[in-house]
Amino acid sequence: MTTTRPVLRRKGITPSGRSYLIRPSEDGDAPGLAALIDAVAAEGELIAAVPGEPDTIEQSVRLASMVLEGGLTLTLEVDGVPAGHVMVQRRAGGHYAHVGEVAILVSNSQRGAGLGRALMEMAIAWGRAVGLAKLSLRVFPDNQRAIGLYRSLGFDDEGLVRGEVRMPSGDRDMLLMGLALSDLR
Ligand SMILES: CC(C)(COP(=O)(O)OP(=O)(O)OC[C@H]1O[C@@H](n2cnc3c(N)ncnc32)[C@H](O)[C@@H]1OP(=O)(O)O)[C@@H](O)C(=O)NCCC(=O)NCCS
């Protein structure tokens with residue numbers, strides 16, 4: 001009998017000729033990923049984070065607990081430097097544990113090279129391999145690039161959650177999206 005294992009490593013060359021590696025996150029990634037989250041937060045309202053706030057740092061040091069709770073965290077390196085991240089957080093509790101919540105980011109300078117797609121494909125493959133029934137995520141409704149990626153991977157829009165995130169511009173709505181990995185009962 002053969003067992004299917006999630007593929008948690010992928011390496012290759014970007015269209016601009018730089019080498020990349022996607023691998024399970026390690027504790028040592030935390031400072032680099034915190035800096036990355038901070039830099040993306042500074043670009044504007046793309047993710048639910050503001051630069052320099054304690055939450056931003058905390059987010060990056062949740063790496064270990066995420067895995068202990070049955071989730072996934074993968075780090076993308078380009079030329080050996082952290083340049084992206086995907087996490088799947090396993091929901092707690094028997095009524096919710098069949099769903100994983102996805103969060104992803106790629107550094108500004110590496111976008112548009114297919115690396116976000118590679119990270120999402122690996123998260124989806126892992127979700128299937130560990131038997132999750134569904135992946136879900138929340139995205140700002142004006143984040144066209146992220147929404148385009150998710151739709152192209154089969155995620156469906158599941159509705160707008162009103163005033164969900166408190167940001168400098170005010171309380172913002174989020175689009176809920178979901179991908180069924182198996183027939184939902
Ligand atoms: C969203 C994000 C992870 C995508 O990563 P990426 O490496 O740029 O994505 P890719 O190069 O793999 O592009 C994937 C797909 O995105 C879509 N896309 C890219 N640019 C787009 C644009 N301007 N408008 C609409 N769709 C777009 C396309 O479907 C593209 O696939 P294709 O080029 O094969 O047709 C990245 O842009 C990012 O980190 N953004 C800032 C943080 C963020 O928004 N995170 C998500 C929060 S929910």
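User: Which strand does Ala-180 lie in?

Analyst: In this predicted model, Ala-180 lies in strand S8, which covers residues 170–180.

User: Why is Ala-180 called partly exposed?

Analyst: Its relative accessible area is 43%. Buried requires under 20% and exposed requires over 50%. The value of Ala-180 meets neither condition, so the residue is called partly exposed. As for its surroundings, the C-alpha atoms of Ala-180 and Lys-134 are separated by 4.4 Å, with the two positions 46 residues apart along the chain counted as their spacing.

User: Strand S8 also holds Leu-175. Why is Leu-175 classed as it is, buried or exposed?

Analyst: Leu-175 has 10% relative accessibility. The cut-off for buried is under 20%, and therefore Leu-175 counts as buried. The C-alpha atom of Leu-175 is 9.2 Å from that of Asp-142, a residue 33 positions away along the chain.

User: What makes Ser-136 a buried residue?

Analyst: Ser-136 is found in strand S6. Its relative accessibility is 3%. Because buried means under 20%, Ser-136 falls in that class.

User: How do you know that the side chain of Ser-136 makes a polar contact with that of Glu-101?

Analyst: The distance given for the pair of side chains is 3.4 Å. A polar contact needs N or O atoms within 3.5 Å, so the pair of Ser-136 and Glu-101 meets the distance condition.

User: Where is Pro-141, and why is Pro-141 called partly exposed?

Analyst: Pro-141 is in the loop between S6 and H5. At 33% relative accessibility, Pro-141 is neither under 20% nor over 50%, and so counts as partly exposed. Its C-alpha atom and that of Leu-160 are separated by 8.3 Å, while the two residues are 19 apart along the chain.

User: What makes the phi of Asp-79 worth listing?

Analyst: The phi of Asp-79 is positive, about 50°, although the residue is not a glycine. Asp-79 is placed in the loop between strand S3 (72–78) and strand S4 (81–90). With a relative accessible area of 40%, Asp-79 lies between the cut-offs of 20% and 50%, so the residue is partly exposed.

User: Which residues are closest to the ligand, and how many surround the ligand?

Analyst: The ligand is surrounded by 22 residues, of which Val-106, Gly-114, Arg-117, Asn-143 and Arg-145 are the closest. By class, the shell has twelve nonpolar, six polar and four charged residues.

User: Which elements supply at least two residues of the shell around the ligand, and which gives the most?

Analyst: Strand S5 (99–106), helix H4 (115–129), strand S6 (134–139) and helix H5 (144–152) each supply at least two. H5 gives the most, with six residues.

User: How do you know that Ile-104, Asn-143 and Arg-145 have polar contacts with the ligand?

Analyst: The cut-off is an N or O pair within 3.5 Å. A backbone N or O atom of Ile-104 is 2.9 Å from a nitrogen atom of the ligand. For Asn-143, a side-chain N or O atom is 2.7 Å from a ligand oxygen. A polar side-chain atom of Arg-145 is 3.1 Å from an oxygen atom of the ligand. Each distance is within the cut-off, so each pair counts as a polar contact. On its own the ligand has 950 Å² of accessible area, and the protein covers 73% of that.

User: Which pocket does the ligand take up?

Analyst: The space taken by the ligand is the largest pocket.

User: How many helices and strands does the chain have, and what share of its residues is buried?

Analyst: The chain has five helices and eight strands. From the N terminus on, the order is β-β-α-α-α-β-β-β-α-β-α-β-β. Buried residues make up 42% of the 185 residues.

Terms used:
Residues numbered from 1 in each chain as written. Predicted model: local features only at pLDDT ≥ 70, side-chain atom pairs only at ≥ 80, totals over all residues. Heavy atoms only, no water. Near = heavy atom within 4 Å. Polar contact = N/O pair within 3.5 Å; in protein donor to acceptor, adjacent residues only side chain to side chain. Areas by Shrake-Rupley, 256 points an atom, 1.4 Å probe, with all protein chains shown as cover. 1 Å grid on protein atoms, 1.4 Å probe; cavity = no way out; pocket = protein on both sides within 12 Å on 5 of 7 lines; lining within 4 Å. Sits in = over half its atoms within 2 Å of the grid points. Helix = DSSP H or I, 4+ residues; strand = E, 2+ residues; numbered from the N terminus. Nonpolar A, V, L, I, M, F, W, Y, C, P; charged D, E, K, R; others polar. Buried < 20%, exposed > 50% of the residue type's maximum accessible area, 1.4 Å probe, protein only.
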